[in-house]
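Subject: Structure for your review

Dear colleague,

Please find below the structure that I am handing over to you. I would be grateful if you would read the notes that follow with the model open beside them.

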Amino acid sequence: MSADEIVVLRNPGAGRGRHRGSLPGVLERLGAAGRPVRVLDAPTAAEAEQACRDAVAAGAGALVAMGGDGTVHLAQQAVAGTGVPLGVIPAGTGNDFATSAGLPADLYAAADAIAAALREGRTRALDLARITCLDGTVRWYGAVLAAGFDAIVNERGNRMRWPRGPIRYDLAVLLELVRLRPRRYTVTVDGQTSVLDAVLLAVGNTAAYGGGMRICPDADATDGLLDMVWAEPVSRATLIRIKPRVYQGTHITHPKVRSLRAREITLAAEGIVCYADGERIGPLPVTITAVPQAVHLLG
């Protein structure tokens, strides 16, 4: 592998496949950087992550993720802490990390920006959040970790075999609203442990998840800190009123919504499986650590 090679991880199914025909144009624009470009062949998520790790270990000059937050998440596992720059071409349905990082929303504009950054030797250092699971497994994320109602909905939706498509998660929301109850969390924030009850809880490196919901509206991926936001026990009706406000980030002013900022947070609770960047991580407890300048972003 050439040390200046641009390696591209592409998810053809991202964005419900609406960008399937855009790869040749993207590759042409990336090639304007004057470097060889290679597309990884990886049919599954596990193979894609391993292919990214192998490419970085072999000396890739840059890794470009073309897809949604899940594709970016896989790429982050390979580049975090290595200094190998990451390019993001937003082709998913949400693209929350790319949006929060201020990257172009158009695929071709994003590819042009990556090529220009490579030509000029220019990157931006951003923080990532590092998750350490109880078994010692380490995962990285760039956007938001969900460990409350939204994570519970995700877990139910992923277990359901019917109906297919996005409506499955709409149904999961309704089913979990019926079962809504506060969960008790043991939370250690920069070494100080306390117990809290919450129905909604998220830890953000950047502001948004779920396709534009600004759950942690003040999160900043350059401050070396995590933002934790939670909703105290509320009724179903109150939660239904709070949730639409998340898209604008105004839920943070609701009297039942709390927030804090920290370098490291440990979350423990019974029966909660957490998700980060929309990807299933595993059951709590987990420890989340802000790692300053863990990724060098192109564009």
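The notes below set out what was found, grouped by region.

Please keep in mind that this is a predicted model.

Helices α1 and α5

Helix α1 packs against α5 with the two axes 8 Å apart and an angle of about 20° between them. Because angles under 35 degrees count as roughly parallel, α1 is described as roughly parallel to α5. The crossing of this pair, α1 and α5, is right-handed.

A salt bridge joins arginine 29 to aspartate 112, with 3.8 Å between the closest N and O atoms. Arginine 29 belongs to helix α1 (residues 23–31) and aspartate 112 to helix α5 (residues 107–120), so the contact links distant parts of the chain, 83 residues apart. Both partners are partly exposed: arginine 29 has 28% relative accessibility, and aspartate 112 has a relative accessible area of 39%. Arginine 29 has a further contact to note, since its charged end sits over the ring of tyrosine 108, 4.3 Å from the ring centre.

Strands β11 and β12

Side chains of opposite charge can pair when their charged atoms come close. In this region, aspartate 227 and arginine 261 meet in a salt bridge, at 2.9 Å from N to O. Aspartate 227 lies in strand β11 (residues 226–231) and arginine 261 in strand β12 (residues 257–262), 34 residues apart along the chain. Aspartate 227 is buried, with 6% relative accessibility, whereas arginine 261 is partly exposed at 43%.

Strand β12 also holds arginine 258, whose salt-bridge partner, glutamate 232, is in the loop between β11 and α8 (236–242), 26 residues apart from it. The N to O distance between arginine 258 and glutamate 232 is 3.3 Å. Arginine 258 is partly exposed, with a relative accessibility of 34%.

Salt bridges and aromatic pairs overall

The structure contains ten salt bridges by the rule applied. Some share partners, and in this way Glu49, Arg53 and Arg139 are joined into one network. The search for aromatic pairs, run over the whole structure, found zero.

Helix α3

Helix α3 (residues 69–79) is largely enclosed by the rest of the structure, because ten of its eleven residues are buried. Among the buried residues of α3 are Asp69, His73, Gln76 and Gln77, and Val72, Leu74 and Val79 are also included. Just after α3, glycine 81 takes a positive phi of about 75°.

Backbone features in loops

Where does asparagine 95 lie? Asparagine 95 is placed in the loop between β4 (86–90) and α4 (96–100). Although asparagine 95 is not a glycine, its phi is positive, at about 55°. The residue counts as buried because the relative accessible area of asparagine 95 is 14%, and buried means under 20%.

Aspartate 277 likewise has a positive phi, near 55°, in a residue other than glycine. Aspartate 277 is found in the loop between β14 (273–276) and β15, and is buried at 9% relative accessibility.

Finally, the peptide bond from leucine 284 to proline 285 is cis, with omega near 15°. Proline 285 sits in the loop between β15 (279–283) and β16 (286–297).

With kind regards

How values were computed: Residues are numbered from 1 along each chain as its sequence is written. This is a predicted model: local features need pLDDT of at least 70, side-chain atom pairs count only at pLDDT 80 or more; totals for chains, interfaces and linings use all residues. Side-chain values use heavy atoms; hydrogens and water are left out. Rings of Phe, Tyr and Trp (its six-membered ring) pair if their centres lie within 6.5 Å; planes under 30 degrees apart count as stacked, over 60 as edge-to-face and the rest as tilted. A charge sits over a ring if NZ of Lys or CZ of Arg is within 6 Å of the ring centre and within 35 degrees of the ring normal. A salt bridge is a side-chain nitrogen of Lys or Arg within 4 Å of a carboxyl oxygen of Asp or Glu. Helices (H or I, at least four residues) and strands (E, at least two) are DSSP runs, numbered from the N terminus. Buried means under 20% relative accessible area, exposed over 50%, partly exposed in between (1.4 Å probe, protein chains only). Axes are lines fitted to C-alpha atoms, for helices over the stretch in contact, and angles run from 0 to 180 degrees between N-to-C directions. Angles under 35 degrees count as roughly parallel, over 145 as roughly antiparallel, 65 to 115 as roughly perpendicular and the rest as oblique. A crossing is left-handed if the near helix is turned anticlockwise from the far one by less than a right angle, and right-handed if clockwise.
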